[in-house]
Amino acid sequence: MGVKRSMASTLGRQLAPRALSAAPGLTASFVREALQRAIQGAGPLPSAARAARTALKAKDGDVEKAVRSVIDDHVRYAGAQGFLTNVGGLVTAAVAIPANVAGLALVQCRMIAVIAHLRGHDLEDPRVRNAVITCLIGGEEVDKLVGQRKLPAPPMALATAPVHDPDLDRVIAAEVAAAIITGIAGKRLATTVGRRVPVVGGLVGLGADGYATWRVGRYAAGELLARRPTPPV
């Protein structure tokens, strides 16, 4: 599995310039729009707060079981390409990017927002919103960007920062957009190439979306720790 991840990641980086030209609308504004829709709800997906309450009720008020069920649900959403295209189309009205790429970003963003709400974070707080979209790119990418000083801190530190820095909103959204281009859009181009090379196609096929979503969910669950009492069931 590690070899598969490495090959897919390498392909993504190599194809990143082509991914950028193939997805010109994948900008910081797209990231913010996806976040807003993830929190408010879009198409078949209810709002993050409502989804959190539903998950908590289904698990008899057990927050950690609810978090795990939220991750499982969104992994299934990510594996359903038709579902992603349907959701993504709602986000891509004003930006020219593939609907399935937009759909995957929205599904993952919503999953993180639901986890944050379950753990007691205020989704209206701009610091929390920055933390949510930072989780979207996963632990390895976050660590790299923090090490390069392109991001100031990991998600939990962003969510609990003493004050909100408005200038940081633009920086984070831009870095997240660039990472999505390299990781998700780049994978899409690699998949296209892989149609001519069966082994490559198998490594970066449709199952990658579900696995990537699971990894992002696990990272968010480990990063966004409990902040205050969870919402009532």
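Guide: Before we start, one definition: buried means under 20% relative accessible area, exposed means over 50%, and partly exposed is what falls in between (1.4 Å probe, protein chains only). Helices (H or I, at least four residues) and strands (E, at least two) are DSSP runs, numbered from the N terminus. A word on sources: this is a predicted model, where local features need pLDDT of at least 70 and side-chain atom pairs count only at pLDDT 80 or more, while totals for chains, interfaces and linings use all residues. Residues are numbered from 1 along each chain as its sequence is written, and side-chain values use heavy atoms, with hydrogens and water left out.

Visitor: Let's go wide, then. How many helices and strands does the chain have?

Guide: There are 13 helices and zero strands, so the pattern along the sequence is α-α-α-α-α-α-α-α-α-α-α-α-α. Of the 233 residues, 48% count as buried. The accessible surface comes to about 10,800 Å², with 56% of that belonging to carbon and sulfur atoms; such areas come from the Shrake-Rupley method with a 1.4 Å probe, and for residues only the protein chains shown count as cover.

Visitor: And contacts: what share comes from residues 24 or more positions apart?

Guide: Contact means heavy atoms within 4.5 Å. Among contacts with a separation of 6 or more, residues 24 or more positions apart account for 76%.

Visitor: Next, a single helix. What span is expected for H7, and what does the model reach?

Guide: The expected span is 1.5 Å times one less than the number of residues. Helix H7 (residues 99-118) has 20 residues and reaches 28 Å from first to last C-alpha, close to the 28 Å expected. H7 is mostly covered, with 18 of its 20 residues buried. Just after H7 comes Gly120, whose phi is positive, near 90°.

Visitor: How do I read a pair of packed helices, and at what angle do H6 and H7 pack?

Guide: Two packed helices are described by the angle between their axes and the distance between the axes. The axes are lines fitted to C-alpha atoms, for helices over the stretch in contact, and the angles run from 0 to 180 degrees between N-to-C directions. Helix H6 (residues 81-91) and H7 pack at about 90°, with axes 6 Å apart. That makes H6 roughly perpendicular to H7; the classes are roughly parallel under 35 degrees, roughly antiparallel over 145, roughly perpendicular from 65 to 115, and oblique for the rest. On the H6 side, the residues include Phe83, Leu84 and Val87, and on the H7 side they include Ala102, Leu106 and Val107.

Visitor: Ala102 caught my eye. Buried or exposed?

Guide: Ala102 is buried, at 0% relative accessible area. Its C-alpha is 7.9 Å from that of Ala34, 68 residues away in sequence.

Visitor: Which helices cover the buried residues of H5?

Guide: Helix H4 (48-58), H6, H7 and H13 are among them. The buried residues of H5 are Val63, Ala66, Val67, Ser69, Val70, Ile71, His74 and Ala78. Take Ala66, at 0% relative accessible area: leaving aside neighbours within four places in sequence, Ala66 contacts Ala55, Leu56, Lys59 and Leu118.

Visitor: What about loops: where does Asp60 lie?

Guide: In the loop between H4 and H5. Phi of Asp60 is near 55°, positive in a residue other than glycine, and Asp60 is exposed at 73% relative accessible area. Arg149 also has a positive phi, near 65°; Arg149 sits in the loop between helix H9 (138-147) and helix H10 (155-159) and is exposed at 76%.

Visitor: Last one: how many disulfides does a search of the whole structure find?

Guide: Zero. A disulfide is a pair of cysteine sulfur atoms within 2.5 Å. For Cys109, the nearest cysteine sulfur is that of Cys135, 9.6 Å away, which is too far for a bond. Cys109 counts as buried at 0% relative accessibility, and Cys135 counts as buried at 0% as well.
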